Amino acid sequence: MTTQQVAPESRRETVPSRPEPARVAGGAGATGSTTLSGGQSGAGTPADSRGKTSIADVVVVKIAGIAAREIPGVYDMGGGLSRTIGAVRDRVPGGRPNVGRGVKVEVGERQTAIDLDLVVEYGVPITDVARDVRENVVSAVERITGLEVVEVNVTVNDVHLPEDDGEEAYGDSRVE
């Protein structure tokens, strides 16, 4: 196999705007060397600058959902219909709870914004719960993903009352 040397002047003209993956020498498509645009390549380049990391929205959704549920006073997440569907889904054998219920995110290259829909326990100070949820979500998302969290909007959709747990509170009728 022969390796073809390219003059530096012609290399600048043929470099694509996005670097192409390097070809493996001796592989089926190895016809020459691939030049990467901008900066160093190969063994002299630090490993952390070789490539790009993309984080999917669902990753941030799951991290934020778990972090929000860790806060005392958060009973559930999501709106009324979302919680109803989630309750049915949780009862299905083999079904898994949806940790992303009640979480909406926008993820950019370096930043993310998060919206949370919460149901809080009756009696807990809502402003304290919202503050604690924000702090925990920001901390978890930034620590795990490295993204900057620009905002966490908390909407409290409902308050869970102790008598909501059982149907016995509604079982007694006032009329016979």
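Here is a short briefing on one helix pair and the salt bridges of this structure. It is a predicted model, in which local features need pLDDT of at least 70, side-chain atom pairs count only at pLDDT 80 or more, and totals for chains, interfaces and linings use all residues. Residues are numbered from 1 along each chain as its sequence is written, and side-chain values use heavy atoms, leaving out hydrogens and water.

**Helix packing**
- Helix H2 (residues 57-69) packs with helix H4 (residues 126-145) at an angle of about 140°, and their axes lie 8 Å apart.
- The two are therefore oblique to each other (not under 35 degrees, over 145 or from 65 to 115).
- Val-60, Ile-63, Ala-64, Ala-67 and Ala-68 of H2 make the contact with H4 residues including Val-133, Asn-136 and Val-137 (contact means heavy atoms within 4.5 Å).

**A buried salt bridge**
- There are four salt bridges in the structure (a side-chain nitrogen of Lys or Arg within 4 Å of a carboxyl oxygen of Asp or Glu).
- One of them joins Asp-76 and Arg-101 at 3.0 Å, N to O.
- This pair links distant parts of the chain, 25 residues apart: Asp-76 sits in strand S1 (residues 74-77), and Arg-101 in the loop between helix H3 (80-91) and strand S2 (103-107).
- Asp-76 and Arg-101 are both buried (under 20% relative accessible area; exposed is over 50%, partly exposed in between, with a 1.4 Å probe and protein chains only).

**A network in H4**
- Asp-128 and Arg-131 form a salt bridge, with their closest N and O atoms 3.3 Å apart.
- Arg-131 also meets Asp-132 in a salt bridge (3.4 Å, N to O).
- Asp-128, Arg-131 and Asp-132 are thus joined into one network by salt bridges that share partners.
- Arg-131 is partly exposed, at 41% relative accessible area.

Conventions: Axes fitted to C-alpha atoms, helices over the stretch in contact; angles between N-to-C directions. Helix = DSSP H or I, 4+ residues; strand = E, 2+ residues; numbered from the N terminus.
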